Amino acid sequence: MADEITFPIEAGHIMRFAAAIGDENPIYRDAGHAEATEPGGVIAPPTYAIASAHFDPDVARPLPGRPWRGSGAEPTGTPAGPGTDESSRGLHAEQRFVYHRPVLAGETLTVRRRPGETWTKEGRRGGALSFREQISEFFDADGDVVITATMVGVTTSRAVDQ
């Protein structure tokens, strides 16, 4: 993932995101309704920060002229090859969002990512479990932190025993 990206907060994107998660709150789609609320405009739903991945050029998705392993049961495009199976032993373990204020449609946020803590513990079926945090901070045009998102990933030291 890129260390820094620009994330435009667009009303249409907010509306589609809210629809995708099944949240019909009019504050996510009705500007007239939203203007009468405390935030004063259309805001982003609580997990909306994850949509910043749509603006990250390094997110795992097919791009013209670049091989892609895909995300299905079988790799597509390029084979994993020897010594590259770590991604098949990893998973997304946790996601936390801290909103320091509402995110309003029309803003542009700058997202900066940095590593957080790492730790290990012994697993029951896949050997040692390695945990790592990635912290994403979302800054507004004034340089204030609007959202702090923490993702925790875990990787097993070996394939899980069947």
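**Exercise 1. Contacts along the chain**

Determine what share of the contacts with a separation of 6 or more in the protein chain comes from residues 24 or more positions apart.

*Solution.* Step 1. The structure is a predicted model, and contact here means heavy atoms within 4.5 Å. Step 2. Among contacts with a separation of 6 or more, 63% join residues that are 24 or more positions apart. Step 3. P102 offers an example: in sequence, P102 and P39 are 63 residues apart, while their C-alpha atoms are 6.8 Å apart in space.

**Exercise 2. The order of the elements**

State how many helices and strands the protein chain contains, and give their order from the N terminus.

*Solution.* Step 1. The count gives two helices and five strands. Step 2. Read from the N terminus, the elements follow the order β-α-α-β-β-β-β. Step 3. As for burial, 31% of the 162 residues of the protein chain count as buried.

**Exercise 3. The two sides of helix 1**

Identify the buried residues of helix 1, and explain how they are arranged about its axis.

*Solution.* Step 1. Helix 1 covers residues 11–20, and its buried residues are H13, I14, F17 and A18. Step 2. Viewed down the helix axis, these buried residues fall within an arc of 130°, so they line one face of the helix. Step 3. On the face turned away from the buried side are the exposed residues R16 and A20. Step 4. Just after helix 1 comes G22, which has a positive phi of about 75°.

**Exercise 4. Strand 5 and its partners**

Find the strands that pair with strand 5, and decide why strand 5 is described as largely enclosed.

*Solution.* Step 1. Strand 2 (residues 90–99) pairs with strand 5 in the antiparallel sense, over nine bridges. In this pairing, G90 stands opposite T155. Step 2. Strand 4 and strand 5 also run antiparallel, joined by eleven bridges. Here S130 stands opposite T155. Step 3. Strand 4 and strand 5 make up a hairpin with five residues between them, and G143 in the turn has a positive phi of about 85°. Step 4. Strand 5 (residues 145–156) has twelve residues, of which eleven are buried, so the rest of the structure largely encloses this strand.

**Exercise 5. One residue of strand 5**

Classify I147 as buried or exposed, and list the residues that it touches beyond four places in sequence.

*Solution.* Step 1. I147 lies in strand 5. Step 2. Its relative accessible area is 2%. Buried means under 20%, so I147 is buried. Step 3. Not counting residues up to four places away in sequence, I147 touches A49, V98, Y99, H100, V103, L109, S136, E137 and F138. Step 4. For L109, which is 38 residues from I147 along the chain, the separation of the C-alpha atoms is 9.5 Å.

**Exercise 6. The nonpolar core**

Name the residues with the most contacts inside the largest nonpolar core, and the elements that each supply at least two of its residues.

*Solution.* Step 1. In soluble globular proteins, nonpolar side chains tend to be buried together. Step 2. The largest nonpolar core has 22 residues, and F7, Y48, L109 and F138 have the most contacts inside it. Step 3. At least two residues of this core come from each of strand 1 (4–8), helix 1, strand 3 and strand 5. Step 4. Beyond its neighbours within four places in sequence, F7 is in contact with ten residues that include Y48, F55, L109 and F138. Step 5. F7, Y48 and F138 also belong, together with F17 and F55, to one aromatic cluster.

**Exercise 7. An aromatic pair**

Describe the geometry of the pair formed by W119 and F131, and compare the exposure of the two residues.

*Solution.* Step 1. Five aromatic pairs are found in the whole structure. Step 2. W119 and F131 form a stacked pair, with 5.3 Å from centre to centre and 5° between the planes. Step 3. The pair links distant parts of the chain: W119 belongs to strand 3 (residues 108–122) and F131 to strand 4 (residues 128–139), twelve residues apart. Step 4. W119 has a relative accessible area of 33% and is partly exposed, whereas F131, at 14%, counts as buried. Step 5. Another ring has a charged group over it: the charged end of R112 sits over the ring of F139, 4.5 Å from its centre.

Methods:
Residues numbered from 1 in each chain as written. Predicted model: local features only at pLDDT ≥ 70, side-chain atom pairs only at ≥ 80, totals over all residues. Heavy atoms only, no water. Phe/Tyr/Trp six-rings, centres within 6.5 Å; stacked < 30°, edge-to-face > 60°. Helix = DSSP H or I, 4+ residues; strand = E, 2+ residues; numbered from the N terminus. Buried < 20%, exposed > 50% of the residue type's maximum accessible area, 1.4 Å probe, protein only. Lys NZ or Arg CZ within 6 Å of the ring centre and 35° of its normal. Arc of directions from axis to C-beta. Pairing = 2+ DSSP bridges. Core = buried A, V, L, I, M, F, W, Y, C linked by side-chain atoms within 4.5 Å.
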